[in-house]
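Please walk a newcomer through this structure, part by part. The text should explain where the chains meet, what lies beside the DNA, and which charged side chains pair up.

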Protein chains: 2
Amino acid sequence: MQLSGRKERILAAIVERYIATGEPVGSKTLLEFSSMPVSSATIRNEMAELSRLGFLDQPHTSAGRVPSQLGYRYYVDKLMNRYELPLNEKRLIEARLSDAGGEPQQILEQAGQVLAELTNCAVVSTTPSDTNAVIRRVELVPLGTHTAMMVMLSSSGILKSRVCRTDSELNLELIETFYNIVSKHFIGKSASEVSIALIQTLALSLGSKSLAISPLLVTLSDLAQMTEQTQLLLEGQSNLLNYADYPNAYELMEFLRRGEPLTNLFSNHKSQGDANVLIGKENLYRELQDSSVIFSHYSVSGKDSGTLGLIGPTRIDYARLIPSLKYLTEIVGNIMSDTLED
Amino acid sequence: MQLSGRKERILAAIVERYIATGEPVGSKTLLEFSSMPVSSATIRNEMAELSRLGFLDQPHTSAGRVPSQLGYRYYVDKLMNRYELPLNEKRLIEARLSDAGGEPQQILEQAGQVLAELTNCAVVSTTPSDTNAVIRRVELVPLGTHTAMMVMLSSSGILKSRVCRTDSELNLELIETFYNIVSKHFIGKSASEVSIALIQTLALSLGSKSLAISPLLVTLSDLAQMTEQTQLLLEGQSNLLNYADYPNAYELMEFLRRGEPLTNLFSNHKSQGDANVLIGKENLYRELQDSSVIFSHYSVSGKDSGTLGLIGPTRIDYARLIPSLKYLTEIVGNIMSDTLED
DNA sequence: GTTTAGCACTCTCGTTGTTAGAGTGCTAAC
DNA sequence: GTTAGCACTCTAACAACGAGAGTGCTAAAC
């Protein structure tokens, strides 16, 4: 649907005003700050029309108008002009990310914190999931006579560790056998190839040592799984408590904490280029019906890897947040790529 | 101050009833479920007396009574009899902790989640801080020609990693030099000994290689610091949203997120044996004036190392939560100790 | 035919008044 | 020391009401 120029101006003004104040916008108020060369009656007529078309809602008869979901959608798609991030803010972001520590989690954590501060939204991010990632290195560090810490690093930079307890004593021979197996069968393999079946076959082929070494192999397989699994990081949830729009914030918070629904949501919208914006009921999850989700995928070494997302009430400042998010995903992708290759 | 037996019974009944229902307790209600062989008038007299002594508060004239901070204190110190954790719950806890993964953070994270579910409170914990901990192992894994990931493991089981970027190419010689330095000067040293001064002296002594290796040493020092720093973990904050007692939950959540105040609080109360209970304004932080904090230190290999704490409204079920917390700290300590020695 | 002034209408929100109910404190009797 | 009884107090819930904001419509103006 295409609206007339004036209707568009009015819709945009209402959206922006409502985003700024949170109050329904009346014809008079609108006139006051949007300086259109018409009277409030004209605006009223246009607003009535916009209501009829479904772009505006009215909390009750004598209140002003509020953008409907459709209204926001039209605004986001056609009316909004994005703010450019000021240069000093860009610099600030880069500075904060560059000393994050280099691991994907650390970078995303920092990015999440920065975004949360910048946007007053909750920020979620997923760790890079590279289906082509392979096991790069495995270390086994003895802690006691029967325990050791195993550390696995994948080619996508993800580091996971786990403590392993063995039944028989962890002597040098055992450790050496383990390293041999690892370098022969696991290094360079993708994590998904470390199946239980493979582990069992291997263990069997070792004969007498089988029993001693199998706890180590099991831990290895656990680690491979952990490496493969994308993780969801969450920052700034408490920002959402500042919006009156959330009467039962608990439900939303728990939803965010659970994680998998969001991971699914992200992976169901793989559109490359621009940021995805889901407004209100466009989210199929009940818990998000009053929220908007903006997310964008970052790519490491040219491949889509993970997602950075913002969650807030539907009346968030799309024009400002989308560019911020886009910028962050770009930077995050760059930093991660830089770390892996150069 | 010592109350008469009957006053004690009444106080205990009021506390328990109020904890259970959240409603002020009147003389009649009290009589109904506490089955004392007296009339409501007698109870009223006793309650009036308890109010005068400061153990009870009255929201308004015609409301029932609510325990005052002093009332809770007396209850916790003298009246409460602790529930024992049912065996099946104990088993459940052990099961969930045993497959946490073995690293202190992982264990504490699991413990926090279990406790949060069990208690409906927010759970905070601090990672073990062992002043005697030493650097146990350092690994340098090349990622690219100029980047590497450095991993440090301390004797207390803490694993930290950081990506390091070098100016000159990361060749085998450089790596070997680095490992030599590490094993000669750092392994077995406590993290606090890795001072900037030491790093600088070392770098200078290396002559021509100095420039190439110093980024690695700087990263090493960063890691040492990270290892030393106690970290605060937080679980189940959103539980607090379920209590009507928190009109501005945001402030509290932010307070918890900030972390250092809590770390201070914990380290200011180093009483060994039993759990510490701070009720309402006994907490000096403004943000905690309406909350109670229960915390207890866990010890690894016999030494006090970190803290597990619960935060909830003052009307939490002390009799149930304290034993749960105690049990968890015990288990956490045991598991961590087991991992390091055996 | 678009725009606008004017006006009646509707709805919310804050205030006020009223009532029912809960719980108290006190007094006098047991 | 305990208890029955009663007057008193305070809140929570509900209704009534007026002010204010904003609308939609109509008829006149441009």
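The paragraphs below take up the contact between the two protein chains, then the surface near one DNA strand, then the salt bridges within each chain. The model is predicted.

We begin with the place where chain B and chain A meet. The contact draws 41 residues from chain B and 41 residues from chain A. Together the two chains bury an area of about 3300 Å² between them, and carbon and sulfur atoms give 51% of this area. Between chain B and chain A there are 16 residue pairs in polar contact, counting pairs with both residues at pLDDT 80 or more. On the side of chain B that touches chain A, the elements giving two or more residues are the strands β4 (135–142), β5 (147–154) and β6 (159–165), and the helices α10 (249–258) and α12 (318–340). Of this side of chain B, β4(B) supplies the largest share, 6 residues. Sorted by kind, the residues of the side of chain B that touches chain A comprise 17 nonpolar, 14 polar and 10 charged.

Salt bridges also cross between the chains. Their count between chain B and chain A is 2. In one of them, the side chain of B:Arg137 meets that of A:Glu139, with N and O 3.0 Å apart. A wider set of residues is involved here: A:Arg137, A:Glu139, B:Arg137 and B:Glu139 are linked in a network of salt bridges.

A single residue shows a polar contact between the chains in detail. B:Thr147 belongs to strand β5 of chain B. A polar atom of the B:Thr147 side chain lies 2.8 Å from the backbone oxygen of A:Thr339. Is B:Thr147 buried or exposed? B:Thr147 counts as buried, because its relative accessibility is 0% and the cut-off for buried is under 20%.

We turn next to DNA strand C. Around this strand there are 22 residues, and those that come nearest are A:Ser39, A:Thr42, A:Thr61, A:Ser62 and B:Ser27. Which parts of the strand come within 4 Å of the protein? Of the atoms of DNA strand C that do so, 79% belong to sugar and phosphate.

Some of the atom pairs can be named. An N or O atom in the side chain of A:Arg6 is 2.9 Å from a phosphate oxygen of DNA strand C. With A:Ser39, a polar backbone atom is 2.8 Å from a phosphate oxygen of the strand. With B:Arg44, an N or O atom of the side chain is 3.1 Å from a base nitrogen of DNA strand C. The elements that give two or more residues to the surface near this strand are α3 (40–53) of chain A, and α2 (27–34) and α3 (40–53) of chain B. The most comes from α3(A), which gives 4 residues. By kind, the surface near DNA strand C has 5 nonpolar, 13 polar and 4 charged residues.

The last topic is the salt bridges over the whole model, and some that lie within a single helix. Over all chains the count comes to 36 salt bridges. One of them joins A:Arg257 and A:Glu254, whose closest N and O atoms are 3.0 Å apart. Both residues lie in helix α10 (residues 249–258) of chain A, where A:Arg257 and A:Glu254 are 3 residues apart, about one turn of the helix. A:Arg257 is partly exposed, with a relative accessible area of 42%, whereas A:Glu254 counts as buried at 17%.

Chain B has a salt bridge between B:Arg257 and B:Glu254, with an N to O distance of 3.1 Å. These two residues both lie in helix α10 of chain B, 3 residues apart, about one turn of the helix. B:Arg257 is partly exposed, at a relative accessible area of 43%, and B:Glu254 counts as buried at 17%.

Another pair in chain B is B:Arg91 and B:Glu94, which form a salt bridge with their closest N and O atoms 3.4 Å apart. Helix α5 (residues 87–98) of chain B holds both B:Arg91 and B:Glu94, 3 residues apart, about one turn of the helix. B:Arg91 is partly exposed, with a relative accessible area of 45%. B:Glu94 is partly exposed too, with a relative accessible area of 31%.

Note on methods: Residues numbered from 1 in each chain as written. Chains lettered and ligands numbered in written order. Predicted model: local features only at pLDDT ≥ 70, side-chain atom pairs only at ≥ 80, totals over all residues. Heavy atoms only, no water. Contact = heavy atoms within 4.5 Å. Buried area = accessible area lost by both parts, 1.4 Å probe. Salt bridge = Lys/Arg side-chain N within 4 Å of Asp/Glu carboxyl O. Polar contact = N/O pair within 3.5 Å; in protein donor to acceptor, adjacent residues only side chain to side chain. Nonpolar A, V, L, I, M, F, W, Y, C, P; charged D, E, K, R; others polar. Buried < 20%, exposed > 50% of the residue type's maximum accessible area, 1.4 Å probe, protein only. Near = heavy atom within 4 Å.
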